[in-house]
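Here are some exercises to work through with the model open beside you. Try each task before reading its solution.

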Amino acid sequence: MNPSHHVRRSVGFRHPVWSSYAPQILAGIVDFMREHELWRLATENDLYGEMEAVKLDQDWHGDGLILFRATEEELAVFRQRGQAVVLTSTEGPDLGFPRVVTDNAMIGARAAEHLIECSVPRFAFLARGETYYREEQFAPGHRRYSRERLGGFRAKLAEYGREPVVHYLKGRPLWKAQTWREIETEVMAFLDTLPSPCGLFVADDPLGAVALRAADRLGRRVPGDLAVVGFGDDAVCCYATYPALSSIAYPGREVGKRAAELLWRQMNGETGLTGRTEIPVGNVIARESSDTLAIADPEIRELVRHIRLTAPHDPLRVSELAERSPLSMTTIKARFSTLLGHGPKQEIQRVRLQHLRHLLAHTDLSLATIARDMNFVSAHELSRFFLSETGQRPTEFRESLEKSDGNRGGVGIQAVVFDMDGTLFDTEPLYYEAYRRGVASQGGVLEKDEYFQHHAGTTNAAIEERFAVRFGPGFSIERFRADWHAAWKSLATPKALRALPGIREALEVLSEAGLPLAIASGSDRVDIDLCLQSSGLAPWFRSISSGDEVVQGKPAPDIYELACRRLGIEPRHCLAIEDTGHGVNAALAAGLRVIKVGEPLDEPRAGLIHAGSLDRIDRAGWAALLTGAGFGS
């Protein structure tokens, strides 16, 4: 206890009623208080006269607050008044106050590891891209946690040569009575596009429960067709559907304890406590929604999980399994045979072969590189293993795939990837006006020439970072982001988002040719969805890759590499449609061929042709382009 305080300090704790984490966080706060200092703890309540109703807002005058989220106005008042504040949500402004949040990248990685253990061949990710609230304190807008969890999910899957299909829900007013129906319908439409079997990571448990209900309505078997894992370990959501939802537990007690510590240090005069403290999470709590192993024996189940997670990169020996288990080698082999129908050595070989097939079929990696990544002694040893298991050499396997691909156009174009802004729609003037209004709301000026010369075609995040430098320390990025998005939504009407000349005709011709179509745009996913839905073009595109999903925007190749991975087609067999130099450079760097619409670039380049406008390309012209003719070497 801290003896210097004879009068207990007042600390407020505010958490929304729709979140189930409050009791855990409170328990962590009390843990800290028991070890350091007792506070008078106030929580928001209205118990119908049983207790005094408490409202924790900018009119509350206690010593400190632990808040889920807060408005800029509230935080400014708390700072002016000298009150200590700690936030426990990834979303919303902080005005320099510290946050204690979960390690979102670790959450995504844990989900990926679990689904890899489930031995599913395909993966998907579902989350809210944007959320509307009436209450400003809940920070309506784009969800940062979703993108961070996707980042961890994608990075871990990439270690196994896998790439998830991604879907962000469009923003909807959550207070309207029929919103839940719209969300479930959108989730059903997404699940209906997924192959079977597939592993699905849903960014939180409430949406995970929706996904299970949607799968049931579609007749998708869980976990046979769809293995599902969420986050939060919210008992109501996890057991509200059958099968029960597998989930990663929210580390609420540790969040509360660390938040209380940071608050205590502030109240004791310590300064410089800014930024995020990230709390690690544990492994997935497996339930029926992802129980693809279906092995009741706990020792053998754990060994099978270890094999599926480790064998793609490590040629495990059976003796190593015995070192991890209390069972004898004889017992392990006998139980494997009974439960799986084959021994542990065969399970290791099966998992390694499955991963090797995937790398040979879906990457351009050399045999030497694959051998190194999978810890074969050499490419020769890899070839001998593949031959003994399949009767084919790896090169023969790849050649057979290329012959199969030849039926879809040989060395020609097998997929088309469209930029959006300036290519499908003339949206750049709308973006300029939205950014101009966002800057003007804080007294700044953004000239049209500056925007089109330096910012058009890059990601929203990159533009926001540049403006933070350009307009100085008094410029609030959180406020700018909210202001320009509000302006953008008012400008992006169906009338303003009419497809440019030749677009609809091109989509028809390319689809008739059996080519999958995709989007690779520097815009955020929610903005892409708004444009495609408003214009009616959404049904044409198999996959969407957005600027908020990559580390570097155009002219870096990241977004086109992502688009090709999602299509499952090598970049050299893909055609990009672009309107900017940044976009052309990005697509060529990724290995695609490119049609540049609009003004031609100054110098000719291999793999690039200029078209002026797509309405100048007739069916015969498209047929010639899809053979690869005209692009040079």
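**Exercise 1. A charge over a ring**

Task: In this predicted model, find the ring over which the charged end of Arg352 sits, and say how far it is from the ring centre.

Solution: Start from the charged end of Arg352 and look for a ring beneath it; the ring is that of Phe376, with its centre 4.4 Å away. The cut-off for this arrangement is 6 Å from the ring centre, together with a limit of 35 degrees from the ring normal. A second example is Arg79, whose charged end sits over the ring of Phe97 at 4.1 Å from the centre.

**Exercise 2. Classifying aromatic pairs**

Task: Decide whether the pair Phe125 and Phe153 is stacked, edge-to-face or tilted, and then say where the two residues lie in the chain.

Solution: The count of aromatic pairs comes to 24. For Phe125 and Phe153, the ring centres are 6.2 Å apart and the planes meet at 35°, so the pair is tilted. The reasoning rests on the cut-offs: planes under 30 degrees apart count as stacked and those over 60 as edge-to-face.

Next, place the residues. Phe125 belongs to strand E6 (residues 123-128) and Phe153 to helix H4 (residues 144-158), so that this pair links distant parts of the chain, 28 residues apart. Phe125 and Phe153 are both buried.

Now return to Phe376 from the previous exercise. Phe376 pairs with Phe385 in a tilted arrangement, with 5.6 Å from centre to centre and 45° between the planes. Both of these residues are buried.

To finish, look for a larger group: ten names to find, among them Tyr431, Tyr451, Phe467, Phe480 and Trp488, belong to one aromatic cluster.

**Exercise 3. Reading a sheet**

Task: Which strands stand at the edges of the open sheet, and how do E6 and E10 pair?

Solution: Begin with the order of the six strands, E9-E6-E10-E11-E12-E14, which form an open sheet with mixed pairing. Strand E9 (165-169) and strand E14 (284-285) are at the edges; each has a single partner strand, so one side of each lacks a neighbour in the sheet.

Then move inward to E6, the strand that carries Phe125. E6 and strand E10 (residues 198-202) pair in the parallel sense over four bridges. To see one bridge, start at Phe123: its partner in E10 is Gly199.

**Exercise 4. Two polar residues**

Task: Is Glu74 buried or exposed, and which side chain does its own side chain meet in a polar contact?

Solution: Glu74 is located in helix H2 (residues 72-81). Its relative accessibility is 6%, so Glu74 counts as buried. The side chain of Glu74 makes a polar contact with the side chain of Arg14 at 3.0 Å. Leaving out residues up to four places away in sequence, Glu74 touches Arg14, Asp57, Gln58 and Gln137.

Task: Where does Ser325 lie, and which backbone nitrogen does its side chain reach?

Solution: Ser325 is in the loop between helix H10 (318-323) and helix H11 (329-340). With 13% relative accessibility, Ser325 counts as buried. Its side chain reaches the backbone nitrogen of Leu327 at 3.0 Å. Beyond residues up to four places away in sequence, Ser325 touches Leu303 and Ile332.

**Exercise 5. Salt bridges from helix H3 and beyond**

Task: Which residues form salt bridges with Glu113 and Glu117?

Solution: The count of salt bridges comes to 48. Glu113 bridges to Lys156, with the closest N and O atoms 3.6 Å apart. Glu113 is in helix H3 (residues 104-117) and Lys156 in helix H4, so the pair ties together parts 43 residues apart in sequence. Glu113 and Lys156 are both buried.

Glu117 meets Arg305 in a salt bridge of 2.8 Å, N to O. Arg305 lies in helix H9 (residues 298-310) and Glu117 in helix H3, so this pair ties together parts 188 residues apart in sequence. Glu117 counts as buried at 8% relative accessibility, whereas Arg305 is partly exposed at 23%.

For a bridge within one helix, turn to Glu261 and Arg265, joined at 3.5 Å, N to O. Both lie in helix H8 (residues 252-267), four residues apart, about one turn of the helix. Glu261 is partly exposed at 28%, and Arg265 is partly exposed at 25%.

Finally, trace the salt-bridge network that links Arg154, Glu163, Glu549, Arg565 and Arg566.

Note on methods:
Residues are numbered from 1 along each chain as its sequence is written. This is a predicted model: local features need pLDDT of at least 70, side-chain atom pairs count only at pLDDT 80 or more; totals for chains, interfaces and linings use all residues. Side-chain values use heavy atoms; hydrogens and water are left out. Rings of Phe, Tyr and Trp (its six-membered ring) pair if their centres lie within 6.5 Å; planes under 30 degrees apart count as stacked, over 60 as edge-to-face and the rest as tilted. Buried means under 20% relative accessible area, exposed over 50%, partly exposed in between (1.4 Å probe, protein chains only). Two strands pair if DSSP finds at least two bridges between them. Contact means heavy atoms within 4.5 Å. A polar contact is a pair of N or O atoms within 3.5 Å; within protein, one must be able to donate a hydrogen and the other to accept it, and residues adjacent in sequence count only if both atoms are side-chain atoms. A salt bridge is a side-chain nitrogen of Lys or Arg within 4 Å of a carboxyl oxygen of Asp or Glu.
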